[in-house]
Amino acid sequence: MEKSEYAVSKAVHCIILDTPAAAHVSHKFYERAGFTRISTEELPIPILIRTGTAACIC
């Protein structure tokens, strides 16, 4: 079972990643996996501590 299938089977609707702003290789990896880079204002929930760049898949 793929991770995305697992998430669906557990009723997970959104996955949010917070990666360091300088982690460009990580950003490209997650974008190829279907994540989209978003701004702080676009986060679906409030995040109190951020390390850099957010990405979300919903």
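1. Buried residues, meaning those under 20% relative accessible area, with exposed ones over 50% and partly exposed ones in between (1.4 Å probe, protein chains only), make up 21% of the 58 residues in the protein chain. The chain exposes about 4600 Å², of which carbon and sulfur atoms supply 61%; these accessible areas come from the Shrake-Rupley method with a 1.4 Å probe, and for residues only the protein chains shown count as cover.

2. The reader should keep in mind that this is a predicted model, in which local features need pLDDT of at least 70 and side-chain atom pairs count only at pLDDT 80 or more, while totals for chains, interfaces and linings use all residues. Residues are numbered from 1 along each chain as its sequence is written, and side-chain values use heavy atoms, with hydrogens and water left out.

3. On confidence, pLDDT is the predictor's own estimate for each residue, from 0 to 100, and its mean over the protein chain is 76, with 74% of the residues reaching 70 or more. Where is confidence lowest, and where is it highest? The lowest mean, 60, belongs to strand β3 (residues 52–57), whereas helix α2 (residues 24–32) has the highest, at 89.

4. The secondary structure comprises 2 helices and 3 strands, and from the N terminus on the elements follow the order α-β-α-β-β. Both kinds of element are DSSP runs numbered from the N terminus, helices being H or I with at least four residues and strands being E with at least two. Among the contacts with a separation of 6 or more, 57% are between residues 24 or more positions apart, a contact meaning heavy atoms within 4.5 Å.

5. One link between a strand and a helix deserves attention: Thr19 lies in strand β1 (residues 15–20), His27 is found in helix α2, and the side chains of Thr19 and His27 make a polar contact at 2.8 Å. A polar contact is a pair of N or O atoms within 3.5 Å; within protein, one must be able to donate a hydrogen and the other to accept it, and residues adjacent in sequence count only if both atoms are side-chain atoms. Are these two partners buried or exposed? Thr19 is buried because its relative accessibility is 11%, and His27 is buried because its value is 5%.

6. The structure holds 2 aromatic pairs. The rings of Phe29 and Tyr30 have centres 5.2 Å apart and planes at 75 degrees, so this pair is edge-to-face, and the rings of Tyr30 and Phe35, with centres 5.7 Å apart and planes at 75 degrees, are therefore edge-to-face as well. Under the definition used, rings of Phe, Tyr and Trp (its six-membered ring) pair if their centres lie within 6.5 Å, with planes under 30 degrees apart counting as stacked, over 60 as edge-to-face and the rest as tilted. Phe29, Tyr30 and Phe35 form one aromatic cluster, in which Phe29 is partly exposed at 48% relative accessibility, Tyr30 is partly exposed at 27%, and Phe35 is buried at 14%.

7. A search of the whole structure finds 1 salt bridge, a term that requires a side-chain nitrogen of Lys or Arg within 4 Å of a carboxyl oxygen of Asp or Glu. Which residues form it? The partners are Arg37 and Glu31, whose closest N and O atoms are 2.9 Å apart; Arg37 is partly exposed at 43% relative accessibility, and Glu31 is partly exposed at 36%. Arg37 also lies 8.0 Å from His27, C-alpha to C-alpha, with their positions 10 residues apart in sequence counted as the separation.

8. A last point concerns the backbone at Ala11, which is found in the loop between α1 (3–9) and β1. Its phi is near 65 degrees, a positive value in a residue other than glycine. Most residues other than glycine have a negative phi. Ala11 is exposed, with a relative accessible area of 51%.
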